[in-house]
Amino acid sequence: MAPDKKLGKIIQIEDTINDIMLRTVSDLPADAVLLIEDKENSLLLTWKRLMLIRRFAALSGKPLLIEVLPTVKETELQQIWEAGVSGVVVRTDAEQAESAAANLRQIIEKLTFPAKRKNEKNMAIVPAVATPHEEPKEDDGDGDGDDE
């Protein structure tokens with residue numbers, strides 16, 4: 001590595017973390033977040049997984065990395081990018097590494113990347129309803145309560 005380059009820090013976060021803890025990630029001295037998912041889903045792209053990815057991308061405040069299968073399809077990768085993922089991790093054995101990387105590179109070159117998001121903040125906006133405040137009428141001092 002060149003001496004002028006710095007190593008980035010990646011924090012691993014499990015998919016079971018609550019939203020309060022997830023929001024604090026943006027304050028940590030890390031450059032990215034690697035989402036560690038329950039292996040029960042076998043990394044298949046489902047609606048539930050897409051919702052989980054969107055949640056982590058929106059609340060973490062850091063670039064999000066997720067693990068994908070070496071057999072990931074172009075449409076799946078496109079949906080992952082659109083959900084807010086900044087990068088993917090593919091785990092393979094040494095024999096498959098070169099072909100998996102080449103395949104992934106070909107897929108990535110075909111993708112349409114979403115527009116850059118500038119620190120999106122997903123906050124609830126609650127409209128305030130206010131009634132006009134009426135000024136109390138001044139009494140003219142005659143004691144009858146009439147304004148005439």
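Student: The side chains of arginine 49 and glutamate 37 meet in a salt bridge, at 2.7 Å from N to O. What counts as a salt bridge here?

Tutor: Side chains of opposite charge can pair when their charged atoms come close. The rule asks for a side-chain nitrogen of Lys or Arg within 4 Å of a carboxyl oxygen of Asp or Glu. Arginine 49 and glutamate 37 satisfy that at 2.7 Å. Arginine 49 belongs to helix α2 and glutamate 37 to the loop between β2 (32-36) and α2, so the pair ties together parts 12 residues apart in sequence. Helices (H or I, at least four residues) and strands (E, at least two) are DSSP runs, numbered from the N terminus.

Student: What kind of model is this, and how are its residues numbered?

Tutor: It is a predicted model, in which local features need pLDDT of at least 70 and side-chain atom pairs count only at pLDDT 80 or more, while totals for chains, interfaces and linings use all residues. Residues are numbered from 1 along each chain as its sequence is written, and side-chain values use heavy atoms, with hydrogens and water left out.

Student: Are arginine 49 and glutamate 37 buried or exposed?

Tutor: Accessibility is read in three classes: buried is under 20% relative accessible area, exposed is over 50%, and partly exposed lies in between (1.4 Å probe, protein chains only). Both arginine 49 and glutamate 37 are buried.

Student: How many salt bridges are there by this rule?

Tutor: The count comes to three. Another of them joins aspartate 19 to arginine 55, at 2.6 Å from N to O. Aspartate 19 sits in helix α1 (residues 19-24) and arginine 55 in helix α2 (residues 47-60), so this pair ties together parts 36 residues apart in sequence. Aspartate 19 is partly exposed at 34%, and arginine 55 is partly exposed at 23%.

Student: Where does the salt bridge of arginine 105 and glutamate 109 lie?

Tutor: Both residues are in helix α4, four residues apart, about one turn of the helix. Their closest N and O atoms are 3.5 Å apart. Arginine 105 is partly exposed at 46%, whereas glutamate 109 is exposed at 59%.

Student: What is the strand order of the sheet?

Tutor: For pairing, DSSP must find at least two bridges between two strands. Here an open sheet of four strands runs β1-β2-β3-β4, with parallel pairing. β1 and β4 (85-90) are at the edges with a single partner strand each, so one side of each has no neighbour in the sheet. β1 and β2 pair over five bridges, and isoleucine 11 has valine 33 in β2 as its bridge partner.

Student: Which residues does leucine 43 contact beyond its neighbours in sequence?

Tutor: Contact means heavy atoms within 4.5 Å. Neighbours within four places aside, leucine 43 contacts Glu37, Arg49, Glu67, Val68 and Leu69. Leucine 43 lies in the loop between β2 and α2 and is buried at 11%. Its C-alpha is 7.2 Å from that of glutamate 67, 24 residues away in sequence.

Student: What is the mean pLDDT of the protein?

Tutor: pLDDT is the predictor's confidence in each residue, from 0 to 100. The mean for the protein is 78, and 71% of its residues reach 70 or more. Among its elements, strand β1 (residues 10-14) has the highest mean, 92, and helix α4 (residues 94-110) the lowest, 81. Over residues 118-125 the value stays under 50, and the model has three contacts beyond four places in sequence for them. Where pLDDT is low, the predicted coordinates should not be read in detail.
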